[in-house]
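Below are some notes on side-chain packing, written for a colleague who has the coordinates open. Please read them alongside the model.

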Amino acid sequence: MGQSQSSSLAGTAMAPPGIPVGPGVPLSHPAPATSSAPGMYLRVSNSSLRSTARSPLLVSVPETEDCVDSSVVEGPDYCSDIPDDILACIFQFLSTGDRKQCSLVCRRWLLVEGQSRHRLSLKAQSDIIPMIPCIFMRYHSVSKLALKCHRRSISISDDALILISEFSRNLTRLKLRGCRELTDVGMTALAKNCKGLKKLSCGSCTFGTKGINAVLDHCSALEELSVKRLRGMNDRGVAEPIGPGVAASSLKSVCLKELYNGQCFEPLVVASKNLKTLKLFGCFGDWDRFLETVTDGNSNLVEIHLERLQVTDMGLSAISKCVTLEILHIVRTPECTNLGLVSVARNCKLLRKLHIDGWRTNRIGDEGLIAVAKQATNLQELVLIGVNPTSSSIDALASNCQKLERLALCGSQTIGDKEISSIAEKCKALRKLCIKGCPISDQGMEALAWGCPNLVKVKVKKCPGVTCEAADFLRANREALVVNLDAVAVEPLDASTSDGGAQEDGQESPPMVSQVTVVGPSGSNGLSALFKSKFGHFAGRNLVACPFGRWSNIRGGSLNGK
């Protein structure tokens, strides 16, 4: 087998005789020896597995006792008493790498691991086609599949996708990335074979509206649809309308990213009466009319994201018809002003999360934020980036939004010690506070030592007026408070660029023992790369898109997301 085939499916073990897997499936490391003799079991050391992890060898599991080496010791085989279903449950708690290693222990583990695997990710290159039957005969229980191809490689074609769909008729989730050889023909066959599909995410593929419509016409259980840079639609011409199809009755979330003709999804969105989430990112064209039509036909939306769009206050006024709206992101929409935000605040009384990136245009300020403070009293999370509120709006928010738990103030030139002191005094429910690029000093930080009784995490970055002395003061007075300080104004210390495995699950962490994490200037290459990896397109402006998700996990007592 060629080297290219070995790279298509890293870590897939070749089955021994008796397992319905074709020959020649590549391995990332050889299998340890096994024995069929009674009273014998196999001891596998992690070091031996690691030492051979990079060896692309084809191996088979030995069948006789002649292969038993010094790693086999006498004693009862306790693993043989574990039922297959319990063993499968144990495998579900292991990482992908650990599951691969366990599949090499013996034929039984190989079989159970394959039967119990429900999630699979493959390099969708053209040279994987001969191995598709082998792969999906072993992993016949897969319900969540990801097919990804690098832009410099040749992706799978329609024939491969049709073959995969025939083997995986129980698919519920499918992700396609960079599959540039797929056409509407392959997507139509997939839709007919996998009618139970619940989630479809496709990006940088070449099929067009006919492929999407085929999925909507045949997959009646579809709940989530995400389309990004679909090249078959980016012809700048008049695209065929998409939807509604039978999926309109079950669809709950639609996400459109970087499309030229994203407005052609209007029939689908209007007909989806159960739609709760609508996300629009970087799509071309005027979106005011789209939002007006959608909200006239569906006012039950709960979450709306608008980012890098041509949308004005007319669009925001249309959104204000969604009285059930709870989450709203207005990011880099320079034509939106206080007028539109006031309309949303006046009608959307259930608003819980509000993210605004004003792009430093100063078109959203005190007027809009005061309206939010007066009307959206259920607000729990507020993120202001590139917005310059004064003490009047900050006081109103702190006084009226008594349920506010998470607050981020980034890139604001008007947030100073007075505003932070007001927050410390009045925000009784505040648990997480992020301040970045604001002209605050130690005085404002010291106010936090006496206010915000429920505060558990404070993150301060690129605020030259804040020194380590303020962090030490907080540590001395708030033992349960975790402080993450980017001390730009002091002598650089050793910086750690470890991500720490933080997850964006939004779970709350219990109060930890006080810790102050001080890092050097963010201009270093390591921290710059880390920051870009965490905050995406906001990294170019040194602003935080969503500071709270990175705070969810703490490893070893230190706060992630430095």
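The points below cover aromatic pairs, a charge over a ring, the nonpolar cores, one helix and one loop residue.

1. The model is predicted, and side-chain atom pairs count only at pLDDT 80 or more. With that in mind, the search of the whole structure gives 4 aromatic pairs. One of them joins Trp-287 and Phe-290 in an edge-to-face arrangement, with 4.8 Å from centre to centre and 75° between the planes. Trp-287 is buried, at 0% relative accessibility, and Phe-290 is buried as well, at 1%.

2. A further pair is formed by Trp-450 and Phe-473, whose ring centres are 5.9 Å apart. Their planes meet at 80°, so this pair also counts as edge-to-face, the cut-off being over 60 degrees. The two residues are 23 apart in sequence and the pair links distant parts of the chain. Trp-450 belongs to the loop between helix H17 (442–447) and strand S16 (457–461), while Phe-473 belongs to helix H18 (residues 468–477). Trp-450 is exposed, with 62% relative accessibility; Phe-473, at 27%, is partly exposed.

3. Phe-281 has a charge over its ring: the charged end of Lys-257 sits there, 5.4 Å from the ring centre.

4. Which residues touch the most other members of the largest nonpolar core? They are Leu-145, Leu-147, Leu-176 and Phe-265, in a core of 125 residues. Beyond residues up to four places away in sequence, Leu-147 touches Leu-122, Ala-124, Ile-156, Leu-161, Ile-164, Leu-174, Lys-175, Leu-176, Arg-177 and Cys-179. A second core, separate from this one, has 7 residues, including Leu-87, Cys-102, Val-105 and Trp-109. As background, nonpolar side chains in soluble globular proteins tend to be buried together.

5. Trp-109 also appears among the buried residues of helix H5 (residues 107–116). The others listed as buried in H5 are Leu-110, Val-112, Glu-113, Gly-114 and Ser-116. What covers the buried residues of H5 includes helix H3 (84–92), helix H4 (96–102) and helix H6 (132–138).

6. Is Ser-143, in the loop between H6 and strand S4 (144–148), buried or exposed? Its relative accessible area is 16%, so Ser-143 counts as buried, the cut-off being under 20%. Apart from neighbours within four places in sequence, Ser-143 is in contact with His-118, Asn-170, Leu-171, Thr-172 and Arg-173.

Note on methods: Residues numbered from 1 in each chain as written. Predicted model: local features only at pLDDT ≥ 70, side-chain atom pairs only at ≥ 80, totals over all residues. Heavy atoms only, no water. Phe/Tyr/Trp six-rings, centres within 6.5 Å; stacked < 30°, edge-to-face > 60°. Buried < 20%, exposed > 50% of the residue type's maximum accessible area, 1.4 Å probe, protein only. Helix = DSSP H or I, 4+ residues; strand = E, 2+ residues; numbered from the N terminus. Lys NZ or Arg CZ within 6 Å of the ring centre and 35° of its normal. Contact = heavy atoms within 4.5 Å. Core = buried A, V, L, I, M, F, W, Y, C linked by side-chain atoms within 4.5 Å.
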